[in-house]
Amino acid sequence: MDIHDLPELVLVEILCRVPCGKFIFQCKCVCKRWLTLISAPYFIDRFLRLQSHRKTPTVRTLISRNAEELFNRVSLSEVLTPMLKRLESFDHLETEPVVVGAYNDLILCCDSLFDQQNYYICNPYTTQWVALPPTPTRCYDIVRVGFICDSPYYEEDDPNGLVIQLNAKFRCKVVRILPPDRQFVFDHDEHCFNFNVEIFSFETGKWSELVVSSPRGISYDYLDAMAFSYNGVLYWSGHDYGYFLVLGLDPFNDNSSTSTSSGCSNGGDIIDHKCRFVVFAMPVADHFVVECLGVCGGFLRMCDFDTDTKTLFVWDLKRQDHDYMVKGAGELCLSKHNVYSFDQDMYPDDARVVERLSFDPNNEDIFYLYVDADVIMCNIRTRKWSKIVEKRKLNNFYFFPFVLPWWPTPVPSLPQHAHQLAHGGETSS
């Protein structure tokens, strides 16, 4: 008997046992029958149930702005790089898009690192993308940009057990914190309490312009361009005058009914108090340069590397006040403090290029360091280390987390009146 002669229920049971959603989407290309079958809600529910029963581990990796994977765990570069080149050709871009954000298996790209105005959200394994409308403001600096979604799945109980289904109405937001105007500057030290923020919402298909207040004066230049999403909040890290800062924003708490415009609060413009920054501050020594390196082990993780003593310090964000998002300020406490001293063989005195790369998204004890073109893997618990890559040139040291879930996250669609609809048919099939 040929496989195409099998009844649909039998074929479903066979296909549901494919190891992951990445291969399932490749099966869609076999024929129209398989495409229809795999796209059906029954198949998705059955597939997700089997994955949950098996307790299939979620695969995580790291990608750079140039779409290069630090580890070849999911062969992401093999599908992402051709897709970006195709997007470049399709939209007649001058250069290949760069990665500026990620959430699960969705990637936020931009047509350039500087002068950012055109953004794209894509899923490399489904080879689908959506082009966002151009931003209202053209900024020639590197913008502080963040990308966040709520859950693409939802669960509910029925008499036959747990049902896991795709959430067709899951929300996505793209957030841009713009450089301050002169009227935002406080006491000539470039500390601002109000920032122009642009938020793109897929519910409306439009960019909204807000003035978001901060309980603490912040210097925009000292904020990292890279944002991390953690428990429904976007976080940017920075430093200022002996303090390490973590700036948080809940973009799902923006009320479109509140009219806002660019400008300072004492200039008569309206500030949206429903969407506000929360600032965590931690005093550090002057020689410390703390950076946020992402979410690891269920915490937002920061670290500092002291080049003089060759010592790594690690902190995890601990929320001390449950109402911190309401009050707009919180205390950055030490949930864990690990110290790792590097030996001479791993980090010689004559090392010229030393960069902190990231913590391993699959193992909270593993940290990656870049020393003279070698990628070093360090275990901060066992104090062991090893070279995992030798003589590899890295063009940049920003790495975004990429998660390969059980089922690919659908690229969100724009409403009919938006600038451009999702390229649902733009697939490699």
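1. A good place to start is the pairing of strand 9 (residues 172–177) with strand 10 (residues 191–201), which is antiparallel and runs over five bridges. If you want one residue pair to look for on screen, find Ile 177, which stands opposite Val 197 in strand 10. Please keep in mind as you read on that this is a predicted model.

2. Those two strands belong to an open sheet of four strands, in the order 6-9-10-11, with antiparallel pairing. Strand 6 and strand 11 (206–219) are the edge strands, each pairing on one side only. On average, neighbouring strands of this sheet are turned by 25° against each other, direction ignored. As a reminder from the textbook, strands of a sheet pair through backbone hydrogen bonds, either parallel or antiparallel.

3. Another open sheet of four strands has the order 2-3-4-5, and its pairing is antiparallel. Here the edges are strand 2 and strand 5 (128–131), each of which pairs on one side only. Neighbouring strands in this sheet are turned by 25° against each other on average, with direction ignored. Inside the sheet, strand 3 (residues 106–110) and strand 4 (residues 119–123) run antiparallel and are joined by four bridges. Ile 107 is the residue to pick out, as Ile 107 stands opposite Cys 122 in strand 4.

4. Now to the open space. The largest pocket has a volume of about 630 Å³. Its lining is made up of 34 residues, and those nearest the pocket centre are Asn 104, Ser 229, Val 295, Pro 401 and Val 403. By class, the lining comprises 23 nonpolar, nine polar and two charged residues.

5. Which strand gives the most to the lining of the largest pocket? The answer is strand 6, with five residues; strand 6 is also an edge strand of the sheet in point 2. Strands that each supply at least two residues of this lining include strand 1 (59–64), strand 2 (98–103), strand 12 (228–230) and strand 16 (291–296). Strand 21 (354–360) and strand 25 (399–404) likewise each supply at least two. Strand 2, named here, is an edge strand of the sheet in point 3.

6. There is enclosed space to look at as well. Searching the whole structure turns up one cavity of 30 Å³ or more. The largest cavity has a volume of about 60 Å³. Among the residues lining this cavity are Arg 65, Val 100, Leu 113, Gln 116, Val 145 and Phe 400. The cavity lining divides into eight nonpolar residues, one polar and one charged.

7. Helix 1 (residues 8–15) deserves a short look. Its buried residues are Leu 11, Val 12 and Leu 15. These three lie on the same side of helix 1, because they cover an arc of only 105° around the axis. In general, an α-helix has 3.6 residues a turn, so residues three or four places apart point the same way.

8. One last residue: is Phe 252 buried or exposed? Phe 252 has 18% relative accessibility and therefore counts as buried, the cut-off being under 20%. Phe 252 sits in the loop between strand 14 (243–249) and strand 15 (277–283). Phe 252 and Gly 232 are 20 residues apart in sequence, and their C-alpha atoms are 8.0 Å apart in space.

Key. Residues are numbered from 1 along each chain as its sequence is written. This is a predicted model: local features need pLDDT of at least 70, side-chain atom pairs count only at pLDDT 80 or more; totals for chains, interfaces and linings use all residues. Side-chain values use heavy atoms; hydrogens and water are left out. Buried means under 20% relative accessible area, exposed over 50%, partly exposed in between (1.4 Å probe, protein chains only). The arc is that of the directions from the helix axis to the C-beta atoms. On a 1 Å grid over the protein atoms alone, a cavity is a set of points where a 1.4 Å probe fits but cannot get out, and a pocket is an open set with protein on both sides within 12 Å along at least five of seven lines; lining residues have an atom within 4 Å of a point. Grid points are joined across faces, edges and corners, and a volume is the space filled by probe spheres set on the points. Ala, Val, Leu, Ile, Met, Phe, Trp, Tyr, Cys and Pro count as nonpolar, Asp, Glu, Lys and Arg as charged, and the others, Gly among them, as polar. Two strands pair if DSSP finds at least two bridges between them. Axes are lines fitted to C-alpha atoms, for helices over the stretch in contact, and angles run from 0 to 180 degrees between N-to-C directions.
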